[in-house]
Every structure is written in C-alpha cells, then in structure tokens.
Amino acid sequence: TQKEFSCINTSKTIKMIKKFIYLDIILLLFIIFANKGICKTIHEVHFENSEYELNIYKIYGSEKGKTLMIIGGIQGDESGGYLSADLYADIALRKGNLIVVPRANFLSIIEHKRAINWDMNRRFIPINNKITKEYYEDSVVEILKDLMAQSDYLLNLHEGSGFFRETWENNIENPTRFGQSIIADTETYYSKKKDETLFLGNIAKKVSKLVNERIDNPRYHFRFNNHKTFEKDTSHAEQRKSATFYALSNYEIPAFGIETSKEITDLEIKV
C-alpha cells in the first residue's frame, strides 16, 4: 500500500506552530505552502499485516538535491539503530530527499534477535526464486536493493561491541571492535559509471570530526573504520554480503555502516 501526504501538513507540526505568537500569520503561510506542495512524503507498506511488515518513507524536499537512504533495524537486537531511524520518518526537508527504512527487519526487532532465519545483513547476494519464496529476509532485501538504486548515498545504522581503535589498547578498545565507528568497505573507490573516485575515507573522517565536536566524552568519539573488504587478506570477508558492500559495488554510491557502541548503556545517548 502507498500513502502520500504533504510532509509539512501534519498534526504534529501544527501543534508546534501553536507555540508561536503570530499564530494566524504562520498558519496562513502554512496553508499556502502546503497547497503549493513545497514538500511531500510517500509512505509505502510492503507485506502488510505480516510479521515482517516493511514500512518505507520517501521524503522529498522543496528543492531538488541528492537522495540519502537510511536503514535501521536490519539486525533486531540493535535498538539504537532503528530508534534513530524512526526519528527521520517524520521530517521536512528544504533540499534533497530521504528514503528511510526505520525497521528493515521487523520480526527480528520484535524477537529482539540478530537474525531469524538468516542474518539479513548477510543476504545481499544473488538469490534464486526458491530461496526468495522460502525466507522472508530475501524478499525484504530485494526491496532494499531497489531502493539503493534510487539513492546517492547509503547509511546503515547499527550497534557494535566495544570501541573501535586503530591500535590495541585493551579487550574493549582495539581494532577488532566496531563501536563508535563509521565503517566503509574501502578508503577510496573508483566509479566506472561516473568516471570519478569516491573518497569514502575523507567523507567519514570529515563527518567524524564534526560529530566529535558535539560529543563531550572522548571515549565516545567516532573514528573511520576501513574494513578493506575488497582486499584478499581482509579480516572482514563476510562483509561482502552486506548492504554497504552491495550498494558500493553494484550502484557505486558512497555507503557507510554507522556503529554506536553496545557498551554505552544509556539508549538516549546512543540515539
């Protein structure tokens, strides 16, 4: 099913507007802009009323721009990811577009398990019709692939153990941990389709620097985590079946895994 509505004409926004002094003026402008279709949201529902119902929000800004895809909840025991993605399902944009899949693996979230039949983030591989019909994870993944094809960037929101560090500090803080890192499959990637180099490492480092300025606890600072997935001697070969690797290698768009740390027990801080 699909529903379309103006993303600025919501009851939530109206309640916020009522806090302003010049209520009549703002409401009048609100109606004018809404009628012009300044922005809109399309809400799609796949596998409706099933245990793995999939909700997708396509949010269009008032000005044309790039499209960012956000996936949350692809592994159901990582609540920080899907609770963060939830916040972007009800947003108005000035420029550009968002494709938000807040709870990609709904059944996994309900069961609070990493996986039901398969780890969904390891199913971005060629599949046959028999497998597609047998396991719901593959049906969801095929839809996510189509959404990637409509996107210019991908963020896959996760929670990882410990705290990623470039060098060994202790059992919790070392290169084998994922927490508080922005993960990419490579430092740079040459796109044949676009005839340009994607500087994934530079993007992640720039974003980390900006984000870390807002994080008081230095232990929680983000770092760029290069999994070197394309290299033969990578220690993360399993990531070749992940959403980020698929998006980068098939659609040649910058794709990142965002990992908060499971060691941070305050869920609000993680979100």
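Ala, Val, Leu, Ile, Met, Phe, Trp, Tyr, Cys and Pro count here as nonpolar, Asp, Glu, Lys and Arg as charged, and the others, Gly among them, as polar. This is a predicted model, where local features need pLDDT of at least 70, side-chain atom pairs count only at pLDDT 80 or more, and totals for chains, interfaces and linings use all residues. Residues are numbered from 1 along each chain as its sequence is written, and side-chain values use heavy atoms, leaving out hydrogens and water.

**View 1. The lining of the largest pocket by class.** Welcome to the largest pocket, an open set of points on a 1 Å grid over the protein atoms alone where a 1.4 Å probe fits, with protein on both sides within 12 Å along at least five of seven lines. Its lining, meaning residues with an atom within 4 Å of a point, has 25 nonpolar, seven polar and three charged residues. Look for Y88, V211, F222, I258 and V271, which lie nearest the centre.

**View 2. Elements around the largest pocket.** Strands (E, at least two residues) and helices (H or I, at least four) are DSSP runs numbered from the N terminus. β6 (153–160) is among the elements that each supply at least two lining residues, and its five are the largest share.

**View 3. β6 and its neighbours.** Six of the eight residues of β6 are buried, that is, under 20% relative accessible area (1.4 Å probe, protein chains only). Strands pair if DSSP finds at least two bridges between them. β6 runs parallel to β4, joined by four bridges, with N156 opposite I71. Seven bridges pair β6 with β13, also in the parallel sense, and here E159 partners T260.

How values were computed: Buried means under 20% relative accessible area, exposed over 50%, partly exposed in between (1.4 Å probe, protein chains only).
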